[in-house]
Amino acid sequence: MLAAALDPKTTPEYHALNTVELGIRIQPGVNPRILRRAFNGLVKRHDSLRLRLVNRHDEWMAEILDEHPTGLIVEDFGPVDLEGQAQEIQKICAVPKTALDEALFEMRLLKFGGHGDVVLIRAQHTIIDGYSIALMLEELLGLVVGIPSVRPAISHGEFIAHREAGLQMRAAEKEQYWQESLLPLPAPQKVGRYKLGLPPASRQTMGKSVKSENILSDVTRAHLAEQAKATGLSTFCHLHAAFAEAICEAGGGDQALFLCMLGRQDARLAGFIGAEMQALRLKYHKGSGAAGISELISRGSDMMPSSVFDPGMPLSGLEFQFFVNMPTPMGRLRSSPFRKLFDQAFRENIKLGIFSMERVVIEDDAETEFDLQLKVSSDEGGGQASLIADAAAWTSDDLALIAEIMEHQVKRVS
């Protein structure tokens, strides 16, 4: 994130992608005093929310401020209907955050008269990940209703010390594993930007996206659920494998390199609000299937964290066409005391006595920095998937072909 902020060639779309935004409309409104008290409790408890990056004698470092630089921001727009609200929210969100901002985390209370209030949370990816969003919402709700968290909060310094210790542990073994696992690197698949002769996808080339949402039919989803139950492998592994097979078929190669995010493994970090993200690199061999994906994730997880991918190290600078992720941490939400509230709030308007809450849609036409991305989700109906791609290199018809191959792959596996 720091390198991106310092690079003048980083596109605005990349900065927007890495500005995490969440809006919740509450009617009839929110008491600013109660929300400010909850906000102050949240940022006092988690110092990562008071973190900024500073340059001291040509060395960049993290600095924890004594107080949040802005506090809760309250803005009163007067009576504004839903269309007007959307316009005001988009104006705010049109200015992305970067790692050089004074406040990497902010919370705004936007008051719109009798048309309800919106709590708008914005944070830079430097200090936040999907797990942290769920944890932060849980604690914020607890503070609002007067139920403070009793889980110990881990400071940013403690997290860094923990991560450094992990990097040093079995460093040589990890380096050997990753080199043997990934080298020789597979040739790029002949799809997307590579097929058109465009430069690889990166923060300097990222632009608008094209996407195909919820690509799996109900029949395919039911079959997927049966597969997961029969094999004991997650729907994520099955969908990842189907995606990998589709890429190999469309691109004409028998190997492909994928990036996916590793979920939190260490119970000591369960209460940490911060960027604990770790990227797994997987080299998929055609025909490996869900079992192959599961094995790569299991072995790779055991070899993290590792510094082998850092600048100047043997595997630095790897380029990735393809990304697979599950942005909503379902395991974390299922363990939350507010599980039912989260489940409903992500799908529809909910009622709490005289209050109603609904998620605000924040429009974004740039959703991936990769050539092609598979986004996996889960609900009562089982696993579901969406495809997001670089609009400069992919069309809706291209995504429809990948989706068709994926459905065929899911159905053919028994």
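**Exercise 1. Which residue takes a positive phi just after α10?**

Solution. The structure is a predicted model. Begin with the helix: α10 covers residues 235–251. Just beyond this helix, G252 has a positive phi of about 75°.

**Exercise 2. Check the length of α10 against the expected span, then state how many of its residues are buried.**

Solution. Step one: the 17 residues of α10, at 1.5 Å a residue, should span 24 Å. Step two: the end C-alpha atoms of α10 lie 24 Å apart, so the expected span and the model agree. Step three: 15 of the 17 residues are buried, and the helix is mostly covered.

**Exercise 3. Do the same length check for α9, and decide how its buried residues are arranged around the axis.**

Solution. Step one: helix α9 runs over residues 218–231, which is 14 residues with an expected span of 20 Å. Its end C-alpha atoms are 20 Å apart, in agreement.

Step two: list the buried residues of α9, which are T220, R221, L224, Q227 and A228. Viewed down the helix axis, these buried residues fall within an arc of 115°, so they line one face of α9. The spacing follows a general rule: an α-helix has 3.6 residues a turn, so residues three or four places apart point the same way.

Step three: turn to the face of α9 directed away from the buried side. The exposed residues there are D218, V219, E226, K229 and A230.

**Exercise 4. Find which parts of the chain the salt bridge between E139 and R45 links, and classify both residues by burial.**

Solution. Step one: the closest N and O atoms of E139 and R45 are 3.0 Å apart, within the 4 Å cut-off for a salt bridge. Step two: E139 sits in helix α5 (residues 130–144) and R45 in helix α3 (residues 32–45). The pair is 94 residues apart and links distant parts of the chain. Step three: E139 has 5% relative accessibility and counts as buried, while R45, at 25%, counts as partly exposed.

**Exercise 5. Locate E367 and K211, and explain what their salt bridge ties together.**

Solution. Step one: the closest N and O atoms of E367 and K211 are 2.7 Å apart. Step two: E367 lies in the loop between β12 (355–360) and β13 (372–379), and K211 in strand β7 (residues 209–212), so the salt bridge ties together parts 156 residues apart in sequence. Step three: the relative accessible area of E367 is 19%, under the 20% limit for buried. K211 has 38% relative accessibility and is partly exposed.

**Exercise 6. State how many salt bridges the whole structure holds, and which residues are joined into a network with E106 and R108.**

Solution. Step one: a search of the whole structure gives 22 salt bridges. Step two: E106 pairs with R108, with closest N and O atoms 2.8 Å apart. E106 is buried at 5% relative accessibility, and R108 is buried at 15%. Step three: through shared partners, salt bridges join E21, E75, K97, E106, R108 and R122 into one network.

**Exercise 7. Give the volume of the largest cavity and describe its lining.**

Solution. Step one: the structure holds one cavity of 30 Å³ or more, and the largest cavity has a volume of about 40 Å³. Step two: the lining of the largest cavity consists of A201, T205, M206, G207, K208, S209, T368, E369, F370 and D390. Step three: these lining residues divide into three nonpolar, four polar and three charged.

Key
Residues are numbered from 1 along each chain as its sequence is written. This is a predicted model: local features need pLDDT of at least 70, side-chain atom pairs count only at pLDDT 80 or more; totals for chains, interfaces and linings use all residues. Side-chain values use heavy atoms; hydrogens and water are left out. A salt bridge is a side-chain nitrogen of Lys or Arg within 4 Å of a carboxyl oxygen of Asp or Glu. Helices (H or I, at least four residues) and strands (E, at least two) are DSSP runs, numbered from the N terminus. Buried means under 20% relative accessible area, exposed over 50%, partly exposed in between (1.4 Å probe, protein chains only). On a 1 Å grid over the protein atoms alone, a cavity is a set of points where a 1.4 Å probe fits but cannot get out, and a pocket is an open set with protein on both sides within 12 Å along at least five of seven lines; lining residues have an atom within 4 Å of a point. Grid points are joined across faces, edges and corners, and a volume is the space filled by probe spheres set on the points. Ala, Val, Leu, Ile, Met, Phe, Trp, Tyr, Cys and Pro count as nonpolar, Asp, Glu, Lys and Arg as charged, and the others, Gly among them, as polar. The expected span of a helix is 1.5 Å times one less than its number of residues. The arc is that of the directions from the helix axis to the C-beta atoms.
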